[in-house]
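Please look through the sequence and the structure below, and then follow the paragraphs after them, which move from one pair of residues outwards to the rest of the chain.

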Amino acid sequence: MKLRAGLILLIVAAALSAVSAVVAWREADAGSSAGISNRLFGFTLKDVTAYQLFRGAGGETVSFSKSEDGAWSVTLPGMKRPDLADRLSLESLGALVQLARKNQVAIPPAEAGMDMASAVQLTVRAGDENENLLVGKKTADGKSRYVSLLEKPGEVHVIPDELCSFADKNPGEFRSAYLFDLGGGVAEKIIVHADGGSDLVLENSSGEWFIRSPLAWPADAVQVGRLLRSCQNLRAEVINPADEKQSSGFARAAYVEIVCGGKTHRVSLLPGTKEGVALALHRERGIAAEVDGSLLEEAGRVCQQDNRDLGVNRYRQRVLDLLNGRTPAFISVQTPDGTLELTLTSAGWKASGARDFPVEEASVKQALAVFAGFEIAGFIADGAVKKEDYGLAPPRVRVVCSDQGGQTIAGVSFGVDDKNQVCCLVDGREEAILASGRRHTNILSMPLIFYRDRQIGDFSFDEVESVKVVKQGITTVFQRTPHGRWAITTPSLAMLEDDDVDFSMLVAKLQRLQCLTYYSEKIEELSKFGLDQTGVNVIVTLRQKKADGSTNARIALDLRVGLDAEHVIQGLTGNTRGPKPVFGKLSGESPVFILDGEIARELTRDYK
């Protein structure tokens with residue numbers, strides 16, 4: 001069924017393309033005064049208000065009419081009320097009116113099939129005027145058709161056969177086969193219903209979709225677009241009139257309802273007799289048909305209550321702009337270690353409260369980027385829930401952005417439930433307990449040190465006297481000579497030959513060394529991170545001149561390099577490239593940070 005429906009859509013598209021090609025081909029001529037005078041019909045397409053087709057004397061009559069709002073309907077033989085007209089048929093009739101040209105040929109009308117008993121008569125109405133065209137036989141080559149204006153019975157003309165495709169159609173083909181024919185309008189509301197489930201109600205508000213039931217949440221525009229396309233592509237291969245008995249069988253059926261232009265379009269759906277097929281009823285149009293079963297299956301999924309992740313949650317927007325395009329003036333980071341207050345000044349962000357260190361602007365940008373595109377990995381609970389059951393009363397971590405007046409712009413709280421699951425609550429969306437994306441959770445729940453300036457090294461290259469590297473218990477000392485070259489003094493004396501420039505570049509990097517981020521302010525078991533005596537130790541010593549001309553030695557950098565930290569940094573950045581990042585720490589009561597894997601590789605290589 002799906003394959004056949006797809007093939008039908010391709011055929012329809014190809015036919016529309018053919019009509020469009022004819023329109024484009026004749027466009028210039030149609031707009032000229034000569035083109036107008038040479039037309040079979042003496043009025044323009046925009047003035048046409050009705051068509052009527054008569055098949056032979058006493059034959060079937062098909063009537064098209066245009067309403068005041070421009071919508072076309074069709075009335076077929078035996079129909080009690082008009083129905084939506086087939087768009088392709090209207091395109092064909094419009095092309096005929098606009099493009100058909102006088103091309104008189106010398107042939108007796110009877111031989112051209114112009115007798116009322118066999119010809120198809122088309123009456124075109126524009127206001128109070130009517131023009132009537134008889135469509136007769138095809139020419140010998142099958143590419144053209146004989147036509148004649150009823151008002152001039154002795155004149156026979158030849159026009160392209162594709163302009164007369166309507167003459168060969170069955171009456172039922174003039175009726176729109178699309179059950180949801182919105183006429184190019186914009187959907188305002190969608191209701192999806194399945195018996196025994198919870199209705200999904202979607203509403204379009206100024207171009208943005210929202211879920212109104214069974215919960216309130218911004219809707220995923222992509223998912224709503226898929227649903228609309230499924231509805232608008234729902235096509236019947238054969239349209240049957242729906243009698244009262246048939247309609248009553250749909251009392252407990254699933255349905256999809258679309259409101260467009262103030263009009264309600266509802267299609268009811270029941271399982272068909274074959275797999276992948278559904279029975280569809282459009283009660284207002286009075287039609288029943290077999291259609292593709294995908295929409296019925298979607299209605300069952302969406303309305304089910306047992307597993308919302310397979311149902312309504314698929315229609316929930318999972319990326320929210322919590323800042324709504326605004327830039328906060330204050331950020332409050334509340335953790336068990338205290339509250340860090342960040343204030344935006346003319347010189348950048350400043351820290352106060354629990355910490356007063358220099359602020360790393362990049363870390364603040366990361367946090368604000370999370371607020372501007374907050375990713376939701378899942379929905380844990382909805383409705384009236386107890387926050388304390390999810391570790392959110394009080395939360396373990398809370399980050400709040402405020403404006404210059406101190407009014408909250410956005411806030412996010414994190415907690416841990418009894419299943420050790422990280423739970424999240426967004427201000428203004430308290431009806432839902434969320435699981436945020438792993439990277440976003442990691443960024444907003446990082447310790448306060450995360451916002452500290454990442455500068456580790458800060459010394460003058462010209463004052464460096466020596467660099468000591470201890471790895472695997474072996475100490476190597478690199479001494480800078482008066483001429484600016486490097487010599488190894490321990491464990492044995494040797495000048496650096498091949499790698500002298502590389503080592504100078506390494507020292508230059510250490511001079512302004514920055515960490516990728518901070519991991520923790522204090523860790524008791526350094527051995528877990530390779531930051532004890534088993535790790536790599538790098539000590540940079542300076543020789544500085546005093547005011548009296550004498551010099552003294554000072555350690556400018558005492559750095560320990562530890563184990564692989566890739567699993568941590570991936571949680572913050574999403575991915576890494578090159579050598580794996582490692583843990584690092586300065587001597588004394590220094591916080592633990594993460595270093596680029598490239599600097600770690602350069603520190604541990606052999607220099608000759």
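In this predicted model, a good place to begin is Tyr51, which stands opposite Phe64 in S2. The two strands concerned, S1 and S2, pair in the antiparallel sense, and five bridges join them. Tyr51 and Phe64 also meet through their rings, forming an edge-to-face aromatic pair with 6.2 Å from centre to centre and 90° between the planes. This pair links distant parts of the chain, since Tyr51 belongs to strand S1 (residues 50-55) and Phe64 to strand S2 (residues 61-66), 13 residues apart. Are these two residues buried or exposed? Tyr51 is buried, and Phe64 is buried as well.

Phe64 takes part in a further aromatic pair, this time with Phe174, which is again edge-to-face, at 5.6 Å centre to centre and with 85° between the planes. Here the link spans 110 residues, from Phe64 in strand S2 to Phe174 in the loop between strand S9 (156-160) and strand S10 (187-193). Phe174, like Phe64, is buried. Together with Trp72, the residues Tyr51, Phe64 and Phe174 form one aromatic cluster. Across the whole structure, a search finds 14 aromatic pairs.

The strands S1 and S2 can now be placed in their wider setting, an open sheet of nine strands in the order S4-S3-S2-S1-S6-S7-S8-S9-S5, with antiparallel pairing. Strand S4 (83-84) and strand S5 (104-105) stand at the edges of this sheet, and because each has a single partner strand, one side of each is left without a neighbour in the sheet. In general, the strands of a sheet pair through backbone hydrogen bonds, and they do so in either a parallel or an antiparallel way.

Another open sheet of nine strands follows the order S13-S12-S11-S10-S15-S16-S17-S18-S14, with antiparallel pairing. Its edges are strand S13 (217-218) and strand S14 (240-241), each with a single partner strand, so one side of each has no neighbour in the sheet. Within this sheet, S10 and strand S11 (residues 200-205) pair in the antiparallel sense over four bridges, and the bridge partner of Ile190 in S11 is Leu202. The hairpin of S10 and S11 has six residues between the strands, and there Gly196 takes a positive phi near 85°. S11 also pairs in the antiparallel sense with strand S12 (residues 208-213), over five bridges. In S12, Val201 has Ser213 as its bridge partner, while Ser205 has Glu208. The hairpin of S11 and S12 has two residues between the strands, and in this hairpin Ser206 takes a positive phi near 55°.

The helices offer another view of the chain, and helix H3 (residues 87-99) is one to examine. Its 13 residues should span 18 Å at 1.5 Å a residue, and the C-alpha atoms at its ends are 18 Å apart, which agrees. Why can H3 be called largely enclosed by the rest of the structure? The reason is that 10 of its 13 residues are buried, and among them are Leu88, Leu90, Leu93, Leu96 and Leu99. As a general point, an α-helix has 3.6 residues a turn, so residues three or four places apart point the same way.

Farther along, Thr441 is found in helix H8 (residues 438-444). Thr441 counts as buried because its relative accessibility is 11%, where the limit for buried is under 20%. Leaving aside residues up to four places away in sequence, Thr441 touches Phe414, Val422 and Ser436.

Charged side chains also meet aromatic rings in this model. Arg266 lies over the face of Tyr255, at 3.8 Å from the ring centre, and Arg605 lies over the face of Tyr607, at 4.3 Å from the ring centre.

A last matter is how confident the prediction is. The protein chain has a mean pLDDT of 87, and 91% of its residues reach 70 or more. Over residues 1-34, however, the pLDDT is below 50, and this stretch has 34 contacts in the model beyond near neighbours in sequence.

Terms used:
Residues numbered from 1 in each chain as written. Predicted model: local features only at pLDDT ≥ 70, side-chain atom pairs only at ≥ 80, totals over all residues. Heavy atoms only, no water. Phe/Tyr/Trp six-rings, centres within 6.5 Å; stacked < 30°, edge-to-face > 60°. Buried < 20%, exposed > 50% of the residue type's maximum accessible area, 1.4 Å probe, protein only. Lys NZ or Arg CZ within 6 Å of the ring centre and 35° of its normal. Contact = heavy atoms within 4.5 Å. Pairing = 2+ DSSP bridges. Expected span 1.5 Å × (residues − 1). pLDDT = per-residue confidence, 0-100.
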